[in-house]
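Work through the two exercises below with the sequence and the model at hand. Each task is followed by a solution in steps.

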Amino acid sequence: MATRKPLISGNWKMNLNHFEAIQLVQKLSYGLTKDDIDAVDVSIHPPFTDIRSVQTVLEADKIPIALGAQNCHWEVKGAFTGEIAPSMLAKLNVTYVICGHSERRELMGETNEMVNKKIKAITKAEMTAIMACGETLEQREAGEVESHLTTQLTEGLAGVKADTVASMVIAYEPIWAIGTGVTATPEDAQDTCKLVRKTVEDLYNKATADSVRIQYGGSVKPGTAPELMSQPDIDGALIGGAALSAEDFAHCIQYRLR
Ligand code: PEP
């Protein structure tokens, strides 16, 4: 089986201006050791207006944290007021771009088809897509987790090549656990991440499924990270609230020590 280096990603959502962003990055870098970064890949996803400032600090201080974005458009350029092209992010040395976050799906009407176009555009711009998927509480209670995730993955990954999927990241985020303080149990999170991996195997092949990194997201905190991260099909975490505290985010990254 492929060895997958865990990826812990901090999604700041619409929080922190560029001054606050710089402070958080510096504080975070003081809290991390070389061993932490050797064992785990780390990415931070600030709002667009902070990206240039964060890039400057990461590069000037040689902080080994990857820069990420929370979204982008799929077109290369043009009349798309308020949107950001993938190449603009790549130029700022952005490595990872989240697409299909449930907040964008629910609040901004992002569809599987749009997610699909974004994954292709992100890949073309030589960045890595973090594709988010997950079910609502109603879908879980109705026993629709498998059919919902299969649809999200089948439509979201349509026409995406196997080698792209093998090197990308899928974030399984049950919507009922995001920002609610309710975390899926490690067993439930493992079962569903295993299901995601099996779906990738059915859509592609075993090698692709063994290679893709699957994050769990939904109220991950320093106290819950160790058990979640010890599950065999969980290769990292997408973290919202706890990523806004340098101390909590560092402790999540250091889950092995806890
Ligand atoms: C998220 O932003 O994707 C997320 C999981 O948020 P939180 O950790 O706050 O639930």
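A disulfide is a pair of cysteine sulfur atoms within 2.5 Å. The model is a predicted one, where local features need pLDDT of at least 70 and side-chain atom pairs count only at pLDDT 80 or more, while totals for chains, interfaces and linings use all residues. Residues are numbered from 1 along each chain as its sequence is written, and side-chain values use heavy atoms, with hydrogens and water left out.

**Exercise 1.** Determine how many disulfides the whole structure has.

Solution. Step one: the search returns 0 disulfides. Step two: for Cys-99, the nearest cysteine sulfur belongs to Cys-72 and is 7.1 Å away. Step three: Cys-133 has its closest cysteine sulfur in Cys-193, at 8.2 Å, which is too far for a bond. Step four: Cys-99, at 1% relative accessibility, is buried (under 20% relative accessible area, with a 1.4 Å probe and protein chains only). Cys-133 is also buried, at 3%.

**Exercise 2.** Describe the surroundings of the ligand.

Solution. Step one: 14 residues are around the ligand (a heavy atom within 4 Å), and Lys-13, His-101, Glu-173, Gly-179 and Ser-219 come nearest. Step two: sort this shell by type, which gives 4 nonpolar, 8 polar and 2 charged residues. Step three: list polar contacts, meaning pairs of N or O atoms within 3.5 Å. The side chain of Lys-13 places an N or O atom 2.9 Å from a ligand oxygen. A backbone N or O atom of Ser-219 is 2.7 Å from a ligand oxygen, and a polar backbone atom of Gly-241 is 2.8 Å from one. Step four: the ligand alone exposes 290 Å², of which the protein buries 97%.

Note on methods. A polar contact is a pair of N or O atoms within 3.5 Å; within protein, one must be able to donate a hydrogen and the other to accept it, and residues adjacent in sequence count only if both atoms are side-chain atoms. Accessible areas come from the Shrake-Rupley method with a 1.4 Å probe; for residues, only the protein chains shown count as cover. Ala, Val, Leu, Ile, Met, Phe, Trp, Tyr, Cys and Pro count as nonpolar, Asp, Glu, Lys and Arg as charged, and the others, Gly among them, as polar. Buried means under 20% relative accessible area, exposed over 50%, partly exposed in between (1.4 Å probe, protein chains only).
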